[in-house]
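Me: Please take a close look at one sheet in the structure below, and then follow its connections outward.

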Amino acid sequence: QVQLVESGGGLVQAGASLRLSCNASGRTFSRYAMGWFRQAPGKEREFVAEIRWDGGGTAYADSVKGRFTISRDNAKNTVYLQMSGLKPEDTAVYYCAAGQVSSNPKSYYYWGQGTQVTVSS
């Protein structure tokens, strides 16, 4: 069992940076790939980024490639999402998830409660 808690969201202006953190409880964190997803009002949850269990591979949605960076520290049971060059269209609730490497949310077993990111123009 893995419990996930996100933090670091907030209200920022366009062009700003934010770093989201997701802290996991449980000793099995390092076994799982980790993903970040987001959901804007009235829209489906969408893939943002993923990272392999060992941090050896990452993937990003085209919409965030070059602006966002996912990383993890297995010693701290934490995964990060560094976001720069934020745009108003990045506004959403951001969720971290633990599961299998995939851009499909159905491949993830555990989810956090989400953290709100709002980008003003």
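What follows is one question about that sheet and one connected answer.
Which strands form the open sheet, in what order, and what ties C22 to C96?

Reply: This is a predicted model, in which local features need pLDDT of at least 70 and side-chain atom pairs count only at pLDDT 80 or more, while totals for chains, interfaces and linings use all residues. Residues are numbered from 1 along each chain as its sequence is written, and side-chain values use heavy atoms, with hydrogens and water left out.

The open sheet is formed by 4 strands in the order β1-β3-β8-β7, with antiparallel pairing. Strands here are DSSP runs of E with at least two residues, numbered from the N terminus, and two of them pair if DSSP finds at least two bridges between them. β1 (3-7) and β7 are the edge strands, each pairing on one side only. Direction ignored, neighbouring strands of this sheet are turned by 15 degrees against each other on average; the axes behind that angle are lines fitted to C-alpha atoms, with angles running from 0 to 180 degrees between N-to-C directions.

Within the sheet, β3 (residues 18-25) pairs with β8 in the antiparallel sense over 6 bridges. In this pairing R19 stands opposite Q82 of β8. In a regular strand the side chains alternate between the two faces of the sheet.

The loop between β7 (68-73) and β8 (78-83) holds N77, and K76 is found in that loop too. Most residues other than glycine have a negative phi. N77 is not a glycine, yet has a positive phi of about 55 degrees. K76 counts as exposed, at 52% relative accessibility; exposed means over 50% relative accessible area, buried under 20%, and partly exposed in between, with a 1.4 Å probe and protein chains only. The C-alpha atoms of K76 and S25 are separated by 9.8 Å, and the two residues are 51 apart along the chain.

The disulfide leads out of the sheet. A search of the whole structure finds 1 disulfide, a term that stands for a pair of cysteine sulfur atoms within 2.5 Å. The bond joins C22 to C96, with 1.9 Å from S to S. The link of C22 and C96 is right-handed, with 45 degrees about the S-S bond. Because C22 lies in strand β3 and C96 in strand β9, the pair ties together parts that are 74 residues apart in sequence. C22 is buried, with a relative accessible area of 0%, and C96 is buried with a relative accessible area of 0% as well.

Next comes the core. A nonpolar core is a set of buried Ala, Val, Leu, Ile, Met, Phe, Trp, Tyr and Cys residues joined through side-chain atoms within 4.5 Å. The largest has 35 residues, and those with the most contacts inside it are L4, W36, L81, M83 and Y94. Strands that each supply at least two residues of this core include β3, β7 and β8, along with β4 (33-39), β5 (46-51) and β9 (92-99). β9 gives the most, with 5 residues.

The aromatic side chains add further links. There are 7 aromatic pairs in the structure: rings of Phe, Tyr and Trp (its six-membered ring) pair if their centres lie within 6.5 Å, with planes under 30 degrees apart counted as stacked, over 60 as edge-to-face and the rest as tilted. One of these pairs is Y32 and Y110, edge-to-face at 5.8 Å centre to centre with 80 degrees between the planes. Y32 lies in the loop between β3 and β4 and Y110 in strand β10, so this pair ties together parts that are 78 residues apart in sequence. Y32 is buried at 16% relative accessible area, and Y110 is buried at 18%. F37 and Y108 also form an edge-to-face pair, at 5.2 Å centre to centre and 80 degrees between the planes. Both F37 and Y108 are buried, and they belong to one aromatic cluster with F47 and W111.

Two arginines lie over rings, meaning that CZ of Arg (or NZ of Lys) is within 6 Å of the ring centre and within 35 degrees of the ring normal. R45 lies over the face of W111, at 4.7 Å from the ring centre. R72 lies over the face of F29, at 4.6 Å from the ring centre.
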